[in-house]
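Q: I should like to learn how to read the features of a model such as the one shown below. May we proceed feature by feature?

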Protein chains: 2
Amino acid sequence: MKEVLKRAGYRVTRQRLVIFEALRGTTSHPTAEEIYNMVKSRLPNISLGTVYRTLELFERLGVLQRLTFEGSPSRFDGNPKPHYHAICLGCGRVLDADEPVPEDIGRRFSEETGFEIVGYKLEFYGYCKECASKRRENENKG
Amino acid sequence: MKEVLKRAGYRVTRQRLVIFEALRGTTSHPTAEEIYNMVKSRLPNISLGTVYRTLELFERLGVLQRLTFEGSPSRFDGNPKPHYHAICLGCGRVLDADEPVPEDIGRRFSEETGFEIVGYKLEFYGYCKECASKRRENENKG
DNA sequence: CCCGTTAATAGTAATGGTTTTCATTTCCAA
DNA sequence: TTGGAAATGAAAACCATTACTATTAACGGG
Ligand SMILES: [Mn+2]
Ligand SMILES: [Mn+2]
Ligand SMILES: [Zn+2]
Ligand SMILES: [Zn+2]
């Protein structure tokens with residue numbers, strides 16, 4: 001991380017290092033505020049603004065990705081490699097789906113319309129194992 | 001539209017009808033504010049709040065879908081049937097991709113994790129025909 | 001057709017996530 | 001070690017969206 005910052009001409013600060021560690025240490029796709037809380041114990045004076053600024057910088061440097069879902073604040077993913085996500089409509093959890101997606105999924109669209117695809121985003125919506133079984137229970141009762 | 005509203009127990013108002021027409025008459029996936037502007041000539045006194053409330057109602061009634069993209073306000077799609085979108089990073093346009101997507105795209109993930117998929121979302125990011133050719137021009141020059 | 005009831009609207013204030021501002025602190029190259 | 005620039009903390013501003021409230025208008029029953 002130090003190297004990434006230096007190479008890009010940015011200063012290495014305690015705040016940046018700690019936020020980076022926090023992101024690396026979780027797979028929960030936290031929001032900015034959640035990261036703020038994760039980091040407060042080690043940086044009692046940090047401000048939420050700095051968290052936002054740092055995450056925005058990390059996004060530009062390509063060390064994380066920002067995930068935008070309907071009706072909820074942005075979430076941040078310490079894994080910058082392309083992968084997909086499953087969002088639970090029950091508990092809100094965001095799970096990784098390390099699903100290989102067909103390489104040529106957009107090729108026909110591209111050929112037909114001249115649209116030059118540089119990336120795509122795939123999201124599954126539904127219910128995680130826990131929420132799905134809760135729902136089945138309730139169905140049986142109600 | 002009248003019927004849909006009545007059947008669901010809602011009143012048929014001029015605002016609702018005009019907003020519905022505006023949505024039907026475009027394929028541009030407008031934002032709430034854009035719809036507000038489209039509709040002002042026929043409803044000079046309408047408020048932006050009414051546009052938002054109406055769009056939210058239509059979403060619940062299933063006559064439109066809301067599209068959420070990173071870094072831009074919600075867009076609304078008068079076509080409620082599942083289909084996918086391509087977002088141009090040059091001009092911001094949102095195009096329809098009537099691409100058939102493999103039915104079983106998430107089946108393995110579902111089987112492996114117990115996640116119950118009820119829907120998915122696929123988006124292509126890149127450059128529309130116009131923006132792609134502009135970019136090629138600039139490449140040759142610069 | 002004409003009310004009376006009550007849902008819907010216009011106008012405006014409030015909200016909440018995010019960005020900006022600015023004085024102060026910290027980093028770091030010389 | 002130090003001067004200058006970059007980054008931070010604290011707070012204000014921003015902006016899309018939602019909530020509030022007095023007024024308007026839809027519409028079922030007379
Ligand atoms: Mn992830
Ligand atoms: Mn569409
Ligand atoms: Zn769940
Ligand atoms: Zn374009």
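Q: What spacing do the donors of the zinc ion (ligand 4) follow along the chain?
A: This is a predicted model, and what follows should be read accordingly. A spacing pattern lists the donor residues in sequence order, with the number of intervening residues written after each x. The donors of the zinc ion (ligand 4) show the pattern C-x2-C-x36-C-x2-C.

Q: Which residues are the protein donors of the zinc ion (ligand 4), and how far from the ion do they lie?
A: The SG atoms of Cys88(B), Cys91(B), Cys128(B) and Cys131(B) serve as donors, at 2.2 to 2.4 Å from the zinc ion (ligand 4).

Q: What is the geometry of the site of the zinc ion (ligand 4)?
A: Four donors count as tetrahedral if all angles lie between 85 and 135 degrees. At the zinc ion (ligand 4) the angles among the four donor atoms run from 103 to 117 degrees, so the site is tetrahedral.

Q: Is Cys88(B) buried or exposed, and how does Cys91(B) count?
A: The reading depends on relative accessible area: buried means under 20%, exposed over 50%, and partly exposed in between. Cys88(B) is buried, at 2%, whereas Cys91(B) is partly exposed, at 40%.

Q: Which residues are the protein donors of the zinc ion (ligand 3)?
A: They are Cys88(A), Cys91(A), Cys128(A) and Cys131(A), each through its SG atom, at 2.3 to 2.4 Å from the ion. The site of the zinc ion (ligand 3) is tetrahedral, with angles of 103 to 118 degrees among its four donor atoms. Along the chain, its donors are spaced C-x2-C-x36-C-x2-C. Among these donors, Cys91(A) and Cys131(A) link distant parts of the chain, being 40 residues apart. Cys91(A) lies in the loop between strand 3 and strand 4 of chain A, and Cys131(A) in helix 6 (residues 129-141) of chain A. Cys91(A) is partly exposed, with a relative accessible area of 40%, while Cys131(A) is buried, at 8%.

Q: Which residues coordinate the manganese ion (ligand 1)?
A: A metal site is read from its donor atoms and their distances to the ion. Here His29(A), His83(A) and His85(A) contribute NE2 atoms, and Asp77(A) and Asp96(A) contribute OD atoms, at 2.0 to 2.3 Å from the manganese ion (ligand 1). Their spacing in sequence is H-x47-D-x5-H-x1-H-x10-D. His83(A) belongs to the loop between strand 2 (75-77) and strand 3 (84-88) of chain A and Asp96(A) to strand 4 (residues 94-97) of chain A, so this pair ties together parts that are 13 residues apart in sequence. His83(A) is buried, with a relative accessible area of 9%, and Asp96(A) is partly exposed, at 27%.

Q: What describes two packed helices?
A: The description consists of the angle between the helix axes and the distance between those axes. In chain A, helix 2 (residues 14-24) and helix 3 (residues 32-40) pack at about 110 degrees, with their axes 10 Å apart. Helix 2 of chain A is therefore roughly perpendicular to helix 3 of chain A. Val18(A), Ile19(A), Ala22(A) and Leu23(A) of helix 2 make the contact with Ile35(A), Met38(A) and Val39(A) of helix 3. By class, the residues of this contact are seven nonpolar, no polar and no charged.

Q: At what angle do helix 2 and helix 3 of chain B pack?
A: Helix 2 (residues 14-24) of chain B and helix 3 (residues 32-40) of chain B pack at an angle of about 110 degrees, and their axes are 10 Å apart. These two helices of chain B are therefore roughly perpendicular to each other. Val18(B), Ile19(B), Ala22(B) and Leu23(B) of helix 2 meet Ile35(B), Met38(B) and Val39(B) of helix 3. The contact divides into seven nonpolar, no polar and no charged residues.

Q: Where is Thr26(B) found?
A: Thr26(B) is in the loop between helix 2 and helix 3 of chain B and is partly exposed, with a relative accessible area of 21%. Sequence separation and spatial separation are to be read together. Thr26(B) and Gly78(B) are 52 residues apart along the chain, and their C-alpha atoms are separated by 7.9 Å.

Q: With which residues is Thr68(A) in contact, leaving aside its neighbours within four places in sequence?
A: With those neighbours left aside, Thr68(A) is in contact with Ser74(A), Lys121(A) and Glu123(A), and also with Thr68(B), Phe69(B) and Glu70(B). Thr68(A) is placed in the loop between strand 1 (65-67) and strand 2 of chain A and counts as buried, at 12% relative accessibility.

Key
Residues numbered from 1 in each chain as written. Chains lettered and ligands numbered in written order. Predicted model: local features only at pLDDT ≥ 70, side-chain atom pairs only at ≥ 80, totals over all residues. Heavy atoms only, no water. Donors = N, O, S within 2.8 Å, 3.2 Å for Na, K, Ca; no water. Helix = DSSP H or I, 4+ residues; strand = E, 2+ residues; numbered from the N terminus. Buried < 20%, exposed > 50% of the residue type's maximum accessible area, 1.4 Å probe, protein only. Tetrahedral: all angles 85-135°; square planar, octahedral: opposite > 155°, others 65-115°. Axes fitted to C-alpha atoms, helices over the stretch in contact; angles between N-to-C directions. Parallel < 35°, antiparallel > 145°, perpendicular 65-115°, else oblique. Contact = heavy atoms within 4.5 Å. Nonpolar A, V, L, I, M, F, W, Y, C, P; charged D, E, K, R; others polar.
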